[in-house]
Number of protein chains: 2
Amino acid sequence: MKSKADIRMRGFLKRTPVNKLLELIKEHSHLLSSEEILTSEASGRTLAQEIISNVNVPNFARSAMDGYALDAESTFGASTYNPLIFRIVGQLTPGDTYDAEVQSGEALSIMTGGPLPKGTNAVLIAENAELFDNKIQILDSVTPGKNVGQIGEDIKKNQSLLKSGRVLRPQDIGLLTSIGLKSVKVLRKPEVELLITGDELLKPIEQARGVKIIDSNSAMLSPLIKRDGGLLNAVHQLPDERDLLRKHLIESNADLLCVTGGTSLGIEDHGPTLLDELGELLVHGIPMRPAAPTGFGLIPGKSNCDVKKVFLLPGNPVSCLSAYDYFVGRSLRLMSGRSEDWPYRKKIVKLATKISSQIGRIEYVRLRIKKNRAFFIAAGGASILSSTTEADAFLLTEQESEGFAEGDEVLVWLYDE
Amino acid sequence: MKSKADIRMRGFLKRTPVNKLLELIKEHSHLLSSEEILTSEASGRTLAQEIISNVNVPNFARSAMDGYALDAESTFGASTYNPLIFRIVGQLTPGDTYDAEVQSGEALSIMTGGPLPKGTNAVLIAENAELFDNKIQILDSVTPGKNVGQIGEDIKKNQSLLKSGRVLRPQDIGLLTSIGLKSVKVLRKPEVELLITGDELLKPIEQARGVKIIDSNSAMLSPLIKRDGGLLNAVHQLPDERDLLRKHLIESNADLLCVTGGTSLGIEDHGPTLLDELGELLVHGIPMRPAAPTGFGLIPGKSNCDVKKVFLLPGNPVSCLSAYDYFVGRSLRLMSGRSEDWPYRKKIVKLATKISSQIGRIEYVRLRIKKNRAFFIAAGGASILSSTTEADAFLLTEQESEGFAEGDEVLVWLYDE
C-alpha cells in the first residue's frame, strides 16, 4: 500500500505556500542548548548568559594623558600674569607606582595609563607646561579630576555588560577579556549532516566518467553551512537505496539533516516517504522555481524530547542553492540565535529586461548588474550552476505577480559580500 | 641626538591628513603571492588563476525531467483525436545506461538526470502520459530536444569559467568541483603579527591586580584580523623595552605588524623612532579622534625585495579599534584581493542629538539607534571600550565640518552584521 506521502510518478498533490514553510521553519528552529567556550573563540557566537562584571575597569585612577599629576587646588590662580612653578618629584609610567605622597607645589611626570599617586587629583597635559631644570611653569589652572580616568570609568563592578542573546562582536571579546572572563556560555552550533543521494554521483575527489557526474552540492553547501553558523559534522554520499538512507536518517546525531536528491517524484525518490514513515513530512513541494520539490520534516532525535529537522533539497545545483539559502540557512541562523535575515547585501536596481513569472509561483531569478541596471540570465535551468556564478545578484518574484516589466525598480540581493 | 621622528613629550609636529594615509596604504598594500590549496577550502579566497574547463558538464545528454525518453518525430501528429501508444521498453535511473537502441513507437521510462539512450532525442514528462499495461498513451507531440539537457549545457569544454581576482563564492566551489578541479591557485592570506606593548599590561589569561590591567586589544583584534582575511600567526606581549621591540620588528616574518601602545608622545613610546631607524616612518599622528597617535611605516622584510608594513595603533582600546578598522583592515583586504570597503552594513538615520566636531578633525562617534533615530553616546573617551559595546553603530564626521545638527540625516555603519 502506498502512503499518502508516496506521490512518486504521480505529481505533487498540493504545494505548500512558501510563507507557510517559512512559518514552520520558524516554529521548529528552537534555540539550541549552551556550551562553555574560551572567550577568545567566542566572536560571532551567541551569548547564553548575562555578563555582570565583578571588577572595576580600571581598578585605580589613572592618567588619561601624558603630562604631570598634581593637586588641582594648588594650581588655582595660575595665569600668564601669575605663572606657578612646580617641582618635578619623579616620573611614572603605566604599570609602575609612586609610593610617596605628592605635596602641594610638586608634580609627578606621568604617562597615559599611569596610576595617580597619593596627593594628586588632576593631570596637566605635557603641552601646557614649560619644563626647565626639573621644574615646570604653568600659566593656567586645572580643575580636580581633569585628565583623570576614575576607578570604573570603563566598567563598574556589578554592572550588567551584555545580555543573553547577544551575538558577540570583536569589541565584546575585548570587553570580556578586560574583566578577566576566560570562558563564556554561548549557544552551541547546530550540527549538520549532509546525505547526498544519487547513483549517478561521484565524490568530489573522483574523476568524471561515463554517465556519472561529480557531486558539487556538498562542496557548495559546506561553506554556506559555515557561513550560517552550522557545524558540518558529516557528509555521506549514498546510492539510491531506501534502506541505507533510512539507516542514516535514524542513526544521525545531527540537529539538522539535508538530504540532496531523491526528493522529487521519481521512483528512486525515497526522502518523502521515509520522512513520513520515520516522523512527520510537514512539507513536500512548494510553488517556487527552481526548488519546487523541496521538502521539510521532523524525525525523532536520539533522546526522547529531541527532534531532528530534515530538509529535502533538490539535487539540481541551482535548486539546491536556492532551497538551502531560502530555508536551511534561515533555520541554522535561528537555531544559533542570529538574525534570520539573509547575509546578502540588498540593492535597488532598474531592470533592463522584463521578467515573466507565473502567478502562484515564486521565481529565483539570476541577474547580471551593469551600472545599476539588471540583466536577466536566460540560461537558467535548475541544473545550470554556472548561471549562479555568472550572475552578480538574484531576486525573487512575488507569488501573486506576473513578474516585472522592463524599467521596473527591483530589490536584488548581491551574491558577493 | 634626537631623530626627526622623536617627538616624545613635545607634541606632533605635523599631522598627516587621513586621506593621505589612506592613499599611502593603498599604494603599499600590494597583492600577495599565490598558493595552491584544496578547492574545498577555497570559499572566500581570491582566485590567482583563470579557470578554463577541460571537460563538458554534463558529458552526456540527460533527461531534465522524470518522464519518458523517445524519438520526438514519432510523436508528431499525436492529439486528443489521434492518441498515440508507445511501448515502454525499460526504465532508466541516473548513473545507469540503456544499451539497446529505442525504436520508433517505443519509449524508455527515465528519471531526471538519466542519460538519453540511442534512438531518443526528447523526454515527455510523466504527468503528460497515461500509463497502462506497460504502455503509454500520449495526446500531444513533443519537439526534438524537449526536456533534454544537452552535452555541455552547464559548462562547455574550453570555456573560461572564472577570472583571476575573483573572490570565490560557495557556488564557485561547486562549479570548480563539478569540473573535477581538486586544487586551485589563490592569493595567500596576509600574515599578521601583533606586538602588544605596555609594562602595565597583563596577558588575557592573567588576573588583574594592583596597577596592571588586562590587555584586551589582542583579544579584540584577533577576530577582526580573521574577518579581514588575515592570518594571525603570532601575538607577543612585550614590556616597554626599546631593544626588545626592535628585535621583534626585525625578526618578524609577517607581512603586516601591528604595534599597540607606545605610539604616542610618552617617554616609553618607542614605535615611531624605531620605524624611523629601521625603515621609513611614513605617517605619525593623524587628525582623527580617538586614534590621533596612529602611525604607519615600512621596514625591510626578510628577503631583499620584501617589505613589512607596520601600523602603530594607540593602546587605548577605542582608538585601537577605530584605527584598526579604518586603516589596518583595509590594508589586509587589499593585500588579499578583496574589496577595500568596510564589511559593515550602512544605514541612513536621523540624529536625535547634535554632534560637535572640531574643524580639521575626524571624529569616530558611537551611537545608539532607536527606531531609526541615532543617540550620541557621551561616555566616549578613548579608553572606554564599553562605549563600543553599548553602541549599535558609529559614524565618522567630515574633516572640514563642525559636526551635525540635531535632525540631520547621517550615514552610519552598523556594528552588527
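**Two chains and their contact**

The contact between the two chains draws 78 residues from chain A and 77 residues from chain B. On the side of chain A that touches chain B, the elements giving two or more residues are β11 (160-162), α2 (170-178), β15 (213-214), α3 (217-227), α6 (317-335) and α7 (386-390). The largest share of this side comes from α2(A), with eight residues. Sorted by class, the side of chain A that touches chain B holds 35 nonpolar, 28 polar and 15 charged residues.

The structure is a predicted model. Its scores are ipTM 0.93 and pTM 0.93. For chain A the average pLDDT is 92, and 95% of the residues score at least 70.

The relation between the copies comes next. Two copies of a chain are related by a rotation about an axis and a shift along it. Here, a turn of 180 degrees with a shift of 0.0 Å along the axis lays chain A on chain B with an RMSD of 0.0 Å. The two copies are therefore related as by a two-fold rotation axis. Among the residues of chain A, Arg345(A) comes closest to that rotation axis, its C-alpha lying at 4.0 Å. Of the interface residues of chain A, 99% are also interface residues in chain B, so the copies meet through the same surface.

Within chain A, the domain assignment distinguishes domain 1 (18-32 + 189-335), domain 2 (37-57 + 154-187), domain 3 (62-149) and domain 4 (345-414). The centres of domain 2 and domain 3 of chain A, taken over C-alpha atoms, are separated by 36 Å.

Strand β25 of chain A, residues 373-376, may be followed through its two pairings. With strand β22 (residues 345-351) of chain A, β25(A) runs parallel, and two bridges join the strands. Lys350(A) has Arg373(A) of β25(A) as its bridge partner. With strand β24 (residues 362-370) of chain A, β25(A) pairs in the antiparallel sense over four bridges. In this case Leu367(A) has Phe376(A) of β25(A) as its bridge partner. The hairpin of β24(A) and β25(A) has two residues between the strands, and Lys371(A) takes a positive phi near 50 degrees there. The two faces of β25(A) can also be told apart: Ala374(A) and Phe376(A) make up the covered face, whereas Arg373(A) and Phe375(A) make up the uncovered one. Thus Arg373(A), the bridge partner of Lys350(A), belongs to the uncovered face, and Phe376(A), the bridge partner of Leu367(A), belongs to the covered face.

In chain B, helix α2 (residues 170-178) is mostly covered, with nine of its nine residues buried. Among these buried residues are Pro170(B), Asp172(B), Ile173(B), Leu175(B) and Leu176(B). Just after α2(B), Gly180(B) takes a positive phi of about 80 degrees.

A further position in chain B is Ile110(B), which is placed in strand β6 (residues 106-110). Ile110(B) is buried because 31 other C-beta atoms lie within 10 Å, and the cut-off for a buried residue is 20 or more. Leaving aside neighbours within four places in sequence, Ile110(B) is in contact with Ser63(B), Gly67(B), Tyr68(B), Ala69(B), Leu92(B) and Val123(B). By contrast, Glu402(B) lies 292 residues from Ile110(B) along the chain, and 73 Å separate their C-alpha atoms.

Terms used
Residues numbered from 1 in each chain as written. Chains lettered and ligands numbered in written order. Predicted model: local features only at pLDDT ≥ 70, side-chain atom pairs only at ≥ 80, totals over all residues. Contact = placed C-beta atoms within 7 Å. Nonpolar A, V, L, I, M, F, W, Y, C, P; charged D, E, K, R; others polar. pLDDT = per-residue confidence, 0-100. Buried ≥ 20, exposed ≤ 12 C-beta atoms within 10 Å, placed from the backbone. Pairing = 2+ DSSP bridges. Domains from an automatic or database assignment. Least-squares fit on C-alpha atoms with pLDDT ≥ 70 in both.
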